[in-house]
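Grab a pencil and try these exercises on helix packing and burial. Each task comes with a worked solution, so have a go before you read on.

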Amino acid sequence: MSNDAATTDVLVVGGGMAGLAGALALKENGADVTLVEVAPAFGEVGAGLQMAPNASRVLKRWGLLEKALEIGVQPKHLVFRDAVTGEELTRQSLGGEFEERYGAPYVVIHRSDLHRILLEACQEAGVTLVNDVLVQRVETEGDKARAYTASGDVYEADAVLAADGLKSSLRGGVATDGPVSSAYVAYRGTVPITPETPAADLEDVIVYLGPNCHLVQYPLRKGELLNTVAVFKSASFERGEEQYGGVDELEAAYAGCVPAVQEALKNLATGIRWPMYDRDPIENWVSGRMALIGDAAHPMLQYLAQGACQALEDAAVLQDATQGLVFTDGRVNPSAWEAAFSEFNGARAARTARVQRTARIWGESWHVDGVARVLRNMLFKSRGDNNFQYNDWLYGRNEPGVPAEVPAASAGSARGSLVEA
Ligand SMILES: Cc1cc2nc3c(=O)[nH]c(=O)nc-3n(C[C@H](O)[C@H](O)[C@H](O)COP(=O)(O)OP(=O)(O)OC[C@H]3O[C@@H](n4cnc5c(N)ncnc54)[C@H](O)[C@@H]3O)c2cc1C
């Protein structure tokens with residue numbers, strides 16, 4: 001090992017939701033954590049984010065839920081409508097029985113707000129945060145990992161968390177796959193809510209389901225902003241064009257939809273288009289002293305609104321798996337990593353694979369036409385409010401792979417306290 005390498009117990013690569021959450025979890029467990037991010041500043045591009053109770057429970061256990069609620073919105077209902085007729089198909093009330101059952105609220109929040117809450121928590125906990133660092137490769141040998149950066153610097157760590165997102169290059173250490181295009185493209189936008197904003201449904205998450213398209217709307221920032229996401233299948237992708245899914249296709253995709261949907265397209269920022277990708281699930285996320293987390297491990301289509309939620313779950317399970325990482329004299333137990341990464345990977349891979357696969361199928365059911373649409377609508381309409389049979393596996397507290405609501409040590413687990421003698 002070279003003498004000029006920067007050393008740290010844990011190196012986190014990537015400062016998105018997954019990297020920040022993972023860094024916070026490991027720092028809370030006593031490790032010395034450095035997080036490096038390629039962008040010149042920390043932040044999130046995009047608009048709103050839905051945080052289901054399986055994620056808000058994690059914020060609650062970290063003492064961050066109050067901050068999210070101060071700036072976010074607790075929508076009253078999740079409502080599905082047919083985009084061609086406007087007819088309501090089904091709704092789920094998100095307060096009362098729902099919140100009680102899942103132990104935390106459903107919150108919608110601006111991405112940049114959630115990112116800031118996690119960033120500030122990392123800063124307060126003492127995570128070392130470094131921008132302008134592009135990690136090109138990680139070598140893991142024995143009980144050390146080394147990360148090599150584009151500027152020629154080297155970081156040496158006992159463990160590396162690869163949180164480098166959908167296009168993760170570090171995933172190459174465990175798999176040879178690549179992102180899979182869904183042929184769908186998203187446009188997003190947030191606009192101020194004014195007296196002129198159509199009043200209908202402003203307290204809810206509304207999903208309009210159309211043939212080969214859908215549109216989602218919900219309020220943000222205490223009801224000051226309206227978030228809109230339009231997602232449609234691109235004909236030019238199917239023709240093999242590289243820059244598929246332009247604004248002309250966007251407008252054409254919604255031509256058969258009700259006026260409320262067509263009007264909502266005006267709220268989109270059309271300067272950035274977001275082609276929708278995921279990857280096939282993989283079982284192994286670990287190579288020696290490096291583990292994948294978040295989208296690097298399990299990128300998914302957004303139909304279940306779970307990508308960031310699953311990243312938070314990852315971090316909380318990793319936190320439980322790394323209890324007892326640090327000795328009371330401050331040294332990190334070097335043999336803890338192998339067992340901890342194996343426990344983390346073992347607990348999480350099957351659950352996130354199910355979310356990835358279900359997101360694909362759920363999205364297909366949204367975009368059908370003809371007989372399939374008639375049948376889909378009949379099925380949705382037959383479902384009553386507070387029928388939890390389709391939600392429990394995703395939002396429930398005791399499902400396999402779901403983190404404890406309080407850290408394992410506080411829950412009196414057999415793993416013992418945060419620090420061990
Ligand atoms: C349209 C849309 C709607 C969505 N809605 C929801 C929702 O409602 N709820 C929800 O939970 N999820 C949602 N998601 C998913 C969610 O946005 C992602 O799952 C989540 O942001 C992934 O976080 P991440 O940290 O794993 O990856 P990223 O956010 O991609 O972060 C990766 C970070 O790593 C950095 N990086 C990459 N490579 C390197 C390198 N080599 N060296 C250093 N730094 C590097 C990048 O700059 C980036 O900052 C949605 C996604 C989309 C596209």
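Helices and strands here are DSSP runs numbered from the N terminus, with at least four residues for a helix and at least two for a strand. Keep in mind that you're looking at a predicted model.

**Exercise 1. Where is Ala-305 found, and is it buried or exposed?**

Step 1: find the place. Ala-305 lies in the loop between strand S17 (290-292) and H9.

Step 2: look at the backbone. Phi of Ala-305 is near 55°, which is a positive value in a residue other than glycine.

Step 3: count neighbours. A residue is buried if 20 or more other C-beta atoms lie within 10 Å of its own. Ala-305 has 22 C-beta neighbours inside 10 Å, so it counts as buried.

**Exercise 2. Do the same for Asp-132: where is its place, and what is its phi?**

Step 1: Asp-132 sits in the loop between strand S7 (128-130) and strand S8 (135-141).

Step 2: its phi is positive, about 65°, although Asp-132 is not a glycine.

Step 3: now the neighbours. Exposed means 12 or fewer, and partly exposed is what falls between that and buried. Asp-132 has 13 other C-beta atoms within 10 Å, so it is partly exposed.

**Exercise 3. How do H1 and H9 pack, and which residues make the contact?**

Step 1: recall what you need. Two packed helices are described by the angle between their axes and the distance between the axes.

Step 2: read off both values. Helix H1 (residues 17-28) packs with H9 at an angle of about 20°, and their axes are 8 Å apart.

Step 3: name the arrangement. Angles under 35 degrees count as roughly parallel, so H1 and H9 are roughly parallel to each other. H1 passes H9 in a right-handed crossing.

Step 4: list the players. H1 brings Met-17, Ala-18, Ala-21, Gly-22, Leu-24, Ala-25 and Glu-28, while H9 brings Ala-308, Ala-311, Leu-312, Asp-314, Ala-315, Ala-316, Leu-318 and Gln-319.

Step 5: sort them. This contact of H1 with H9 has eleven nonpolar, two polar and two charged residues.

**Exercise 4. What is the angle between H9 and H10, and how are these helices arranged?**

Step 1: helix H9 (residues 307-321) and helix H10 (residues 336-366) pack at about 155°, with axes 9 Å apart.

Step 2: angles over 145 degrees count as roughly antiparallel, so H9 is roughly antiparallel to H10. The crossing of H9 and H10 is right-handed.

Step 3: on the H9 side, the contact uses Gln-310, Asp-314, Val-317, Leu-318 and Ala-321. On the H10 side you'll find Ala-340, Glu-343, Phe-344, Ala-347, Arg-348, Thr-352 and Val-355.

Step 4: sorting the residues of this H9 and H10 contact gives seven nonpolar, two polar and three charged.

**Exercise 5. How do H2 and H9 cross, and how many residues of H2 are buried?**

Step 1: the axes of helix H2 (residues 53-61) and H9 come within 8 Å and cross at roughly 45°.

Step 2: that angle makes H2 oblique to H9. The crossing of H2 and H9 is left-handed.

Step 3: Asn-54, Ala-55, Val-58 and Arg-61 of H2 meet Ala-308, Cys-309, Leu-312, Glu-313 and Ala-316 of H9. By type, the contact of H2 with H9 splits into six nonpolar, one polar and two charged residues.

Step 4: check the burial. Eight of the nine residues of H2 are buried, so H2 is mostly covered.

Step 5: see what covers them. The buried residues of H2 pack against strand S3 (48-51), helix H3 (65-71), helix H4 (96-102), strand S6 (107-110), H9 and helix H12 (392-395).

Step 6: look just past the helix end. Right after H2, Gly-63 takes a positive phi of about 75°.

**Exercise 6. Which residues have the most contacts inside the largest nonpolar core?**

Step 1: the largest nonpolar core has 125 residues. Those with the most contacts inside it are Val-13, Leu-24, Val-160, Ala-162 and Ile-293.

Step 2: ask which element contributes. H9 gives the most to this core, with nine residues.

Step 3: zoom in on Ala-162. Leaving aside neighbours within four places in sequence, Ala-162 is in contact with Val-13, Ser-168, Leu-170, Arg-171, Met-290, Ala-291, Leu-292, Ile-293 and Ala-296.

Technical notes
Residues numbered from 1 in each chain as written. Predicted model: local features only at pLDDT ≥ 70, side-chain atom pairs only at ≥ 80, totals over all residues. Axes fitted to C-alpha atoms, helices over the stretch in contact; angles between N-to-C directions. Parallel < 35°, antiparallel > 145°, perpendicular 65-115°, else oblique. Left-handed = near helix turned anticlockwise from the far one by under 90°. Contact = placed C-beta atoms within 7 Å. Nonpolar A, V, L, I, M, F, W, Y, C, P; charged D, E, K, R; others polar. Core = buried A, V, L, I, M, F, W, Y, C linked by C-beta atoms within 7 Å.
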